[in-house]
Amino acid sequence: MSAARQSGAGRAGDPRPRRISNVLALAWREAGLMRHDPTFLAVVFAQPIMMLLLLGFALSNEPANVPLAVLDRSATAASRRLVEEVVATGYFLPPRPVSGYAEGRKLLEGGDAVAFLVIPDDFARDALGGAARVQVLLDGADPLSAARVGGILRSVAAQFDPSGRAVAARREDAPRPARGAFDLRKRFWFNPTLADRDFFLAGIAGMLLTNLCLSVTALGLVAERENGTFEQTLSLPTRPLEIVIGKILPYIGVSYLVLGIATFGSGLLFGIWPAGSWLALLVLTLPFVCASLAIGVLVSALARTSAQAVFITVFFILPSMILSGVLLPYQLMPDGAREVGAILPLRWYQIGLRRIVSRGGGLEEVWLPFLALCAIFAALLLLIRWRLKPRLA
C-alpha cells in the first residue's frame, strides 16, 4: 500500500507534462510574433509567388530576339530569299548587313551579334546544283544560345529551295528533308567545344560579389540601430552620403580580393583566364561593386530589424541570379523579363565579364555596361539619401 502511494506520488510529480506545456506556450508566443510581423508574412507568401513567376515565365530555352549579322557576297535573289527565310523563323532580329569579314567578327566580339552568316559569291549557282556552302559563325561564349541558334539555321538550310517554291521553316522542330539545297558550315568562336563550364566560370565573379555585397551591407545600419551605436554615427559631422560611402569603402577592397580569388582560381584550376584586358576587368568591377553595396545599404535603410533585412535581401539576390543572364543567357528570356533584368547591376556586369573573359574585349567593348552600372549606382545613392535624410537630419 505504501509502495503504491509512493509510485502515484512519483507519477504526479513527473516534470515531463510541465516541460511539454512550456514548449507549447513558447511556440504559441512565437507564432503570435510571426502573425504580427508583416515582413515575415510577405516573405512567406510573396517569395513562392515570385519564384513561380520567374521560373514559369522568365526562364526559357527558346531563343528570342537573336542579333544576326549577314555578309551577303552573292547579292542575288536566292541569297536575299535565304536571309528572309532565316528572319521568318521568328527567332531573329532584323539582320545587320556588314561590308566585310572583319566587321562581322567585331560584332561577335562585342556581343552585338550571336550569329554571323557569310553567303559566298557563287551561292545562287551552286544552290541550284545542290552544292552550295554557307558559313555561319556562332558566339560560343553562350553555349546554349549557340547550340539552339545553330539548330534553327540548320533547319532552314535543310528546307531551303533556291527556286523559291518551298515554304521556309517556321520552327526548329519542323520536318526536314533528307538533303538540303546547301551545306551549312558552323563554326563556334570563343568556346569551340561549347563547354558549359566556360560559360559559368566566366560569370562566377559576378555571382560571388553579388552575394557578398548584398549580405555584408544589408545588416549594416540595422545592426547599429539594434546595438545602439547608430546615434554615435548621427552625432558625427557627416552627411548621409558620406556615411554611406564611408561604410562601403572597406568592402570595395574585400570585393577586389574575392575577384582575384575567383579569377586566379578559374585560371589555375581550369585554365580559364581572361582573354581580354585586365585593366577593363578592374575598371568595370568598381561601379558594379559600388552599386551592389548600395543595394545592401538601401535594404538596411528600409528594414527595421536584422530579420527583415535578411528577408528583403532574398528578393534582390534571387531575381539577380535568374534575370541577369549569369546562369541562363538573357537573350533566351521573353519580352518583359529582359527589361526587368536590365535594372539589375549583375545583368550589366556579366555582359562585361563575358566580353572580357570569353571574347577578349577591352575598355572599348565594356563602355556601355560601365556607364549603365554608374547610372544604377547614382540612382541608388539618390534613393538612399531620400530614405536616410529624415533619420540623419
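Me: Going by the definition, helices (H or I, at least four residues) and strands (E, at least two) are DSSP runs, numbered from the N terminus; how many of each make up the secondary structure here?

Reply: The protein comes to 17 helices and five strands. Please keep in mind that this is a predicted model, in which local features need pLDDT of at least 70 and side-chain atom pairs count only at pLDDT 80 or more, while totals for chains, interfaces and linings use all residues. Residues are numbered from 1 along each chain as its sequence is written, and side-chain values use heavy atoms, with hydrogens and water left out.

Me: OK, salt bridges then. How many turn up in the whole structure?

Reply: Five are found, where a salt bridge is a side-chain nitrogen of Lys or Arg within 4 Å of a carboxyl oxygen of Asp or Glu. One of them joins R105 to E109, with the closest N and O atoms 2.9 Å apart.

Me: Where do R105 and E109 lie?

Reply: Both belong to helix α5 (residues 101–109), and they are four residues apart, about one turn of the helix. An α-helix has 3.6 residues a turn, so residues three or four places apart point the same way.

Me: And is R105 buried or exposed?

Reply: R105 falls in between, being partly exposed at a relative accessible area of 37%, and E109 is likewise partly exposed, at 24%. Buried means under 20% relative accessible area, exposed means over 50%, and partly exposed is the range between (1.4 Å probe, protein chains only).

Me: Which residue does D139 meet in a salt bridge?

Reply: The partner of D139 is R359, at 2.5 Å from N to O. D139 lies in strand β4 and R359 in the loop between α16 (345–357) and α17 (367–392), so this pair ties together parts that are 220 residues apart in sequence. D139 counts as buried at 3% relative accessibility, and R359 also counts as buried, at 10%.

Me: Which residues are linked in a network of salt bridges?

Reply: D122, R125 and D126 form that network. Within it, D126 bridges to R125 with the closest N and O atoms 3.3 Å apart; D126 is buried at 19% relative accessible area, whereas R125 is exposed at 59%.

Me: Back to β4. Which strands does β4 pair with?

Reply: Strand β4 (residues 132–139) pairs with strand β3 (residues 115–119) in the antiparallel sense over four bridges, and eight bridges join β4 to strand β5 (residues 182–189), with these two running parallel. Two strands pair if DSSP finds at least two bridges between them. Among the bridge partners, A115 is matched with L138 in β4, and R133 with D183 in β5. As for cover, six of the eight residues of β4 are buried.

Me: Switching to helix α13, what span should its 25 residues have?

Reply: At 1.5 Å a residue, α13 (residues 278–302) should span 36 Å, and its end C-alpha atoms are 36 Å apart, which agrees; the expected span is 1.5 Å times one less than the number of residues. In α13, 19 of the 25 residues are buried.

Me: How many of the 17 residues of α7 are buried?

Reply: In α7 the count is 13 of 17, so by the under-20% cut-off the helix is mostly covered. Helix α7 (residues 143–159) should span 24 Å, and its end C-alpha atoms are 25 Å apart, which agrees.

Me: Last one: what share of the 393 residues is buried overall?

Reply: Buried residues make up 46% of the protein.
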